[in-house]
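Dear colleague,

Please find the structure below, handed over for your records. A short account of what was found in it follows.

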Amino acid sequence: MRNEKYLFRFVPTMMCNFNCDYCFVNKDVKKSSPTMFDVHKVDEWISAMEKFSDAEIEIYMWGGEPFLLNDIYILLREWMSMEHIIGGCRIDTNIYFADKIAELCPSSKLKLNCSYHMKYHSLEEELRKVKKLKELDMVGMVNFVASEYNIKHLQQDYRMTVFDLIKVFNEIDVF
Ligand code: SF4
């Protein structure tokens, strides 16, 4: 019986492969920043987590784009196989790497907070990726920023409002 429960917040890097206008992270920081694997290698993070096996651990990751780093896939595959890591671990991601996520670290313990950034994904591509992750039970939610650019392109490119967009995701059981 595990008595303690911890929320472990892990920010792999503030680097990101996107450069959204509304991002809170500085452009230069997104281009080049330290990572959590610069000092401690992935094996060290894996064995460090084993030391907490008498507690329940929930993980929350954000950035930057966590899946930009190859070590993240190794880390998540190992962490998610540990019994004391509980379901509902959240990761904020722009899902650019959805296919790689599905291939290298599929786990229903992970619930991804998927962001839809219109500058970088067409609606078709976003839907394809969200559906693929949903089939693996890995989607927590989809976030959409109602910025001027996004609203304009939703209207111009797809003749849709935000409510129409909500309906489209609702049809695949994603909110
Ligand atoms: S995907 Fe997220 S972290 Fe990356 S630039 Fe856009 S808002 Fe910032």
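**Strands, helices and ligand shell**

β2, α3 and β3 form a right-handed β-α-β unit (right-handed: with the strands pointing away from the viewer, the path from the first strand over the helix to the second runs clockwise; helices are DSSP runs of H or I of at least four residues, strands runs of E of at least two, numbered from the N terminus). The model is a predicted one, in which local features need pLDDT of at least 70 and side-chain atom pairs count only at pLDDT 80 or more, while totals for chains, interfaces and linings use all residues. Residues are numbered from 1 along each chain as its sequence is written.

A second right-handed β-α-β unit consists of β3, helix α4 (residues 98–104) and β4. Strand β3 runs parallel to β2, joined by two bridges, and pairs with β4, also in the parallel sense, over five bridges (strands pair if DSSP finds at least two bridges between them). Ile91 of β3 stands opposite Met61, and its bridge partner in β4 is Leu112.

In β3 (residues 89–93), Cys89, Ile91 and Thr93 point to one face and are buried, whereas Arg90 and Asp92 point to the other and are not (buried: 20 or more other C-beta atoms within 10 Å of the residue's own, C-beta atoms being placed from the backbone).

Helix α3 (residues 70–80) has Ile72, Leu75, Leu76 and Trp79 as its buried residues. Viewed down the axis of α3, they fall within an arc of 95 degrees, so they line one face of the helix (the arc is that of the directions from the helix axis to the C-beta atoms).

Yours sincerely

Methods
Buried ≥ 20, exposed ≤ 12 C-beta atoms within 10 Å, placed from the backbone.
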